Amino acid sequence: MTGVASHRENGGATEVSIRGLGPYLSSTVVNGRAATNGSGDRSVNFSQFPSELMNKLAVFKTQDASQIEGGVAGQIQLETIKPLDFGKRRIQFEAKGNVNPDQLDQKDTMAGDIGYRLTGSYTDQFQTEAGEFGLSIGIQRSDISQPEAEARQTGPTSNSRPACLISNGNYPTLLDGDGEDITGFSNNPDRDDDCDDVNGDRDLGMVPPGFDVDVEGADTQLLNGSGVDSGIPFVFAPSQRHYRQNDTHDVRDAFFGAFQWRPNDRLDINVDMQWSERTQSELRNDLTFNGGRRNDTSLNIGPGGSTTTLDSLIYTDTGAILRAITDNTIEVQGGDYERKETYTGGGITLAYEVSDRLRVSADLGYSNTERTEWAKEFRIQSNISPVIEYDRRNGSVPVYRLYDEEFDVNDHSLYVDRLRVRVDNDVKRDNTIRSARFDVDYDLDSEFFTTFEAGVRWSDQDYLELPGGSDSGDPYSSSSGRFSFEIEDNTDLTINNRQVVDGDGTASTGLASSWVDIIASTNSACRTEFPEGNSFFSSQRSGDLVTNIADDGTVLSSTNSWATFDAACVAEMSIASLNAIMDEINLAIADRGDVDDPLSLLSSDIPGLSRINTGTIDVEEVTTALYAMTGYETSVGGFPVSGNFGVRIIQTEVEATGYRPELTVTESGGVFSISEGNLEAVSQKHDYTKVLPSATAIVELTDDKLLRFGIFRAMSRPDPADMGFGRSINVIGDDEDATSLEALITGITASGNPSIDPLMSWNYDAGIEWYPNDDSILALSAYYKTFQGGFANVIANETYVLNGQDVQFPVAVQQTSDEESSLFGIEVTAAHRFSYLPGYLSGLGTKISYNYADSDFEFEDSRYGDLYTTQLDGTVVQTHEGIIDPGGLPGLSENTLSAQLYYQIGELDMQVNYKYRDSYFQPFVSDGTRLRYIGEVGVWEARASYNLTDNIRLTAEAINLTSEPKEQFAFVSDDLYEVNDYGPRIFFGARARF
């Protein structure tokens, strides 16, 4: 479809972009009802819906008043079959096999070498005394692999990818009183530490009260009219770089059903339901190179002597590192990961024809998605620290060269110095929409107006997200969804990120290092063979990935594999081993522990999640919409003109519930103190009303030429995950006093804003279509959109009850601004079949579609972009001067292209497709305020089918024929931080239809 492109995850399309705009600006409905997902946004995960069980997919790029709001870019409509409307009996079976060449290179995989997809459906109609009945049932079982090779780095959502300054004594603001660099990359021998470390307060002279003078990495705060580090060069330095090998397994079960009853010619009752459960499993094997932020001033790299990290740095003007050399450790990481997502949806629709001109209908709908994610992960490290050279100058997949000390990454026995295990329950999301609507459709007896439609829709969306996967800091509780421990060869023992035993002791037990032995015993018991031999990343590299080089420059060894371990074995065996010596550990705690109480037995089970958590997102959104629309037909200048115009009015009410500590205030002699108690639920409400007019017109210039025009106002609501009411409250210390209630709280950090408003837009479409014959189309469209609003940080007053009094505190939250921006685009579609050619050549045909879009919308990165704050009085104040360019509209690709060459003759149908999409900004779900770019990509696909008989059809399909990888960039468009290679995917099968 012209202007429609996909976002790839795990080698397949998961989200759809319309006219270069991301899923945030689109809407998707299933059987006319809004559908949920498990991501926390408003997109729909199309991989949950088997295409074999869908009856229709339509894309509306111009919205009218009858459609559910949300489609700034357009609306995608999915429909399942209505058995009576289908009108005939059909029994269908389909079996597809799946072979992924990259999967064949792996040994002993979860999914095996060949996957499958089995689909069966039955549709029939029955005539009884009670009327006509129709039944449709479809089931599917899909069991496939999704091989993926990755080259990764620490991403932009954490603080472990700072913009490190290139200091080297050249900038006065980076020097201490002795003229030495206090931060950044430098050849100063005293700077042998991480490049973002600050070795002392900056000497900035007079600074405003509360000004942070110890910012790690580049400081963009405004001071005296410019950013503190304005004009100083920088590079983005990740703390770790990895290769990841994945063994994947993707299982989906689905059931779709429909029951339709027509007791008479006027009443139609339809009941439909959809259920789909998808489980994605991954066994992850990582080779990790530490110390990406290190600044080393003496590095032995063989011939030519030594160098420094700064002297070896090669980077782009935007701060993307192409080459770097550091001295640090290497480790192996692994994980056993599972995501389960279950979708349940359906509804009942009643349509009644009151008269030949009046029809009424009612619908009740339900949609629910539940998603859970858990993982068992480990890291096992060597203390050997070779000189590590990172180099991606010659391709998107980097290579590593090791100097000074030979380190065989395939030698399991080297990884015996440090072991960390995490058992994570990462998240649980529950997203539910209940809806009802009533519609009236009346045929008007008028020469101009043809129909009148009106209706009301009500929906109630409940979104609940329970966070996990973080350390509680309490060795006796895993209340934050994680149990973890770490053993170091110096005998330090840490549980849940809290040290419980510190180093060697003198206890008479003589057990100072007994738990350290668990590293070696677990290593020995849980070793595995690298699954892919020498084929890892074979389609993306020209040489070997890791090379050891001697002092004289001789290549000692090179490899494309590394030592791997069974993650479940590591977690379960090491925890069992700790439990076996728990009495001895508790004796050590009593002798020299950092905690007071003994530990109980540890568990490798997935920990539970609690709703009562400061990170919980609990949002209810109630929507009531009214619409009225009339169709018309007329003639202008002798040309027939038809279309519709109408208006939709939407009332939205939002209530978000969060959890924060109960605050207890005491007063003595006018002096206040405060203490925090148990978490309590608090709520905030917000509402808004929007009016969305729309109008369309179709002009029939001739029998084969049409003009189309459209104008409509649209809205895109914020994602449910962005409307939480989570708040972190900083109070004065135990030894501090305050003379007012306001002074008790020193700061409040918000994670979400229930009062954020929708993004509004006016949209204008115009197009011309020419159908010169039955085999051809040429269409040209232009569209223009103006957006009323962007995204900005504002200061809002929030009320807190202290000592029985309501006290207001300023809180920085994200809100839709009053800024205006625009988007312009054109679409071209051309299709032609060469049916006039002689003989077999008459089956040739082609189709090409192209979309161009350009916008001046700007999205500033929350860490390194320009930042502004709107004060309580409405004044806009800039607080930070950005060092990187802003992103654009989420999902916006300037150019998208789809081209197809097909051959259809007799029972044979063949296609070759090419799909191209420009780079685009794709926000993270976990932190939508940081910039991430998806690189441009062009993918080749091929399909073929042959009707063996009237009932039997053979099919074959190949996706991503040339193994084009997905490339992801952090902060700027050339800082490549992740490459995902999925390889080709091949499907073959047969369909029997009766």
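**Arg323 and its neighbours**

I started with what Arg323 touches in this predicted model. Leaving out residues up to four places away in sequence, I get Ser312, Leu313, Ile314, Glu389, Tyr390, Asp391 and Arg393. I then checked where Arg323 sits, and it is in strand S20, residues 321-327.

Buried or exposed? I looked up Arg323 and found 16% relative accessibility. That is under the 20% cut-off, so Arg323 counts as buried.

Next I went through the polar partners of its side chain. One is the side chain of Glu389, a polar contact at 2.7 Å. The side chain of Arg323 also reaches the backbone oxygen of Ser312, at 3.1 Å. Glu389 and Ser312 both appear in the list of residues that Arg323 touches.

**A surface patch**

I moved on to the surface and noted a nonpolar patch formed by Phe259, Val271, Ile348, Leu350 and Leu364. Together they have about 380 Å² of accessible area. I picked Val271 for a closer look: it belongs to strand S16, residues 267-290. Its relative accessibility is 34%, so I have it down as partly exposed.

**The whole chain**

How many helices and strands does the chain have? I count six helices and 56 strands.

For overall dimensions, I have the C-alpha trace spanning about 95 × 75 × 55 Å along its principal axes. The radius of gyration is 31 Å, which agrees with the value near 30 Å for a compact globule of 994 residues.

Buried residues come to 53% of the 994. Of the contacts with a separation of 6 or more, 72% join residues 24 or more positions apart. Last, I noted the exposed area of the chain: about 41400 Å², with 50% supplied by carbon and sulfur atoms.

Conventions: Residues are numbered from 1 along each chain as its sequence is written. This is a predicted model: local features need pLDDT of at least 70, side-chain atom pairs count only at pLDDT 80 or more; totals for chains, interfaces and linings use all residues. Side-chain values use heavy atoms; hydrogens and water are left out. Helices (H or I, at least four residues) and strands (E, at least two) are DSSP runs, numbered from the N terminus. Buried means under 20% relative accessible area, exposed over 50%, partly exposed in between (1.4 Å probe, protein chains only). A polar contact is a pair of N or O atoms within 3.5 Å; within protein, one must be able to donate a hydrogen and the other to accept it, and residues adjacent in sequence count only if both atoms are side-chain atoms. Contact means heavy atoms within 4.5 Å. Patches are made of residues with over 30% relative accessible area and no salt bridge: like charges are joined within 9 Å, nonpolar side chains (Val, Leu, Ile, Met, Phe, Trp, Tyr) within 5 Å. Accessible areas come from the Shrake-Rupley method with a 1.4 Å probe; for residues, only the protein chains shown count as cover. A salt bridge is a side-chain nitrogen of Lys or Arg within 4 Å of a carboxyl oxygen of Asp or Glu. The radius of gyration is taken over C-alpha atoms; the globule rule is 2.2 Å times the number of residues to the power 0.38.
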